[in-house]
Amino acid sequence: MAERSYKTDALVLSSRPLGEADRLIELLTWERGKLSAVARGARKTKSRLAAGVDLFTYGHYQLHRGRSLDLITGQEVKEHFTAFREDASLYPFGLFLAELAGRLVRSEEPAPETCRLLLEGWRLLCGKDLDLTGRMLLCRAFELKMMSSTGFRPHLENCLLCHAPETLYFSPSQGGLLCRRCAGGDAVRLSAGTAALARRLLQAPLEQVKMLRPLAQQLRELAAIAAAFRRYHFDIGELRSLQLIKLLNPPSR
Ligand SMILES: [Zn+2]
């Protein structure tokens with residue numbers, strides 16, 4: 001019979017009140033992917049579970065397998081990303097990473113790469129290095145890497161049909177770049193440099209996004225093709241985090 005109790009390192013992807021005093025949390029774990037668990041009594045001020053069950057927490061958790069949901073029986077906080085709570089304009093960027101990880105990772109499937117990326121992404125966002133452009137780029141880079149690690153790597157090297165080096169179109173449904181001759185269907189036109197920027201974001205370590213200086217137009221194009229790609233391949237519509245990002249950072253005209 002499988003062990004009823006287990007321990008795991010995890011990142012809290014969401015946390016919501018349940019009943020009178022409990023919290024229902026979603027954890028991203030290295031070994032078991034995504035899982036939902038109940039923290040009984042966590043909303044009571046004296047609860048020893050209260051500290052580790054908020055969104056944007058990295059911790060070590062003890063759990064007990066329940067009939068439907070697992071129960072959190074103990075926890076130890078390793079890192080609290082409090083900057084997301086203290087800075088309202090930063091919050092939706094941290095939320096975006098959590099929402100995307102929650103949507104792309106499956107339950108009961110190891111997710112070491114996503115855990116590593118999310119931890120690094122939260123750390124970089126909470127650091128002092130990133131301006132608004134840097135935060136936007138980090139989201140795009142995180143997304144490209146996440147999609148890559150979950151098996152939907154967009155084709156960004158050359159035209160995905162004829163392999164011509166000239167790539168000025170992106171087709172969300174076909175999942176990559178196209179040349180002028182092959183473009184059709186839902187392919188959208190990109191301005192010069194956007195494809196190279198996307199490649200760089202996919203390949204370079206997350207920490208290097210702060211060195212990139214994209215044009216506003218390139219950022220807008222990347223956001224648009226990312227949204228179309230998400231919708232087509234993952235059936236992800238508008239995310240709450242993206243609505244908040246737009247609300248807090250209205251596009252300049
Ligand atoms: Zn082509």
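**Helix H2**

I began by listing the buried residues of H2 in this predicted model. They are Tyr91, Pro92, Phe93, Gly94, Leu95, Phe96, Leu97, Ala98, Leu100, Ala101 and Leu104. I took buried to mean that 20 or more other C-beta atoms lie within 10 Å of a residue's own. Eleven of the 14 residues of H2 meet that mark, so the helix is largely enclosed by the rest of the structure.

Next I checked the length of H2, which covers residues 91-104. At 1.5 Å a residue I expected a span of 20 Å, and the end C-alpha atoms are indeed 20 Å apart, which agrees.

**Two domains**

I then stepped back to the whole chain. It is divided into domain 1, residues 5-80, and domain 2, residues 86-248. Their C-alpha centres lie 29 Å apart. I looked up who takes part in the contact: 14 residues come from domain 1 and 17 from domain 2.

On the domain 1 side, I found that strands E1 (5-18), E2 (22-29) and E3 (33-39) each supply at least two residues. Sorted by class, that side has eight nonpolar, two polar and four charged residues.

**Strands around E5**

My last entry is about E5, residues 70-80. Which strand pairs with E5 in the parallel sense? I found that E3 does, over two bridges. Here Val38 stands opposite Leu71 of E5.

E4, residues 57-64, runs antiparallel to E5, and eight bridges join them. I noted one pair of partners: Tyr61 and, in E5, Gln75. E4 and E5 form a hairpin, with five residues between the two strands.

Key: Residues numbered from 1 in each chain as written. Predicted model: local features only at pLDDT ≥ 70, side-chain atom pairs only at ≥ 80, totals over all residues. Domains from an automatic or database assignment. Contact = placed C-beta atoms within 7 Å. Helix = DSSP H or I, 4+ residues; strand = E, 2+ residues; numbered from the N terminus. Nonpolar A, V, L, I, M, F, W, Y, C, P; charged D, E, K, R; others polar. Expected span 1.5 Å × (residues − 1). Buried ≥ 20, exposed ≤ 12 C-beta atoms within 10 Å, placed from the backbone. Pairing = 2+ DSSP bridges.
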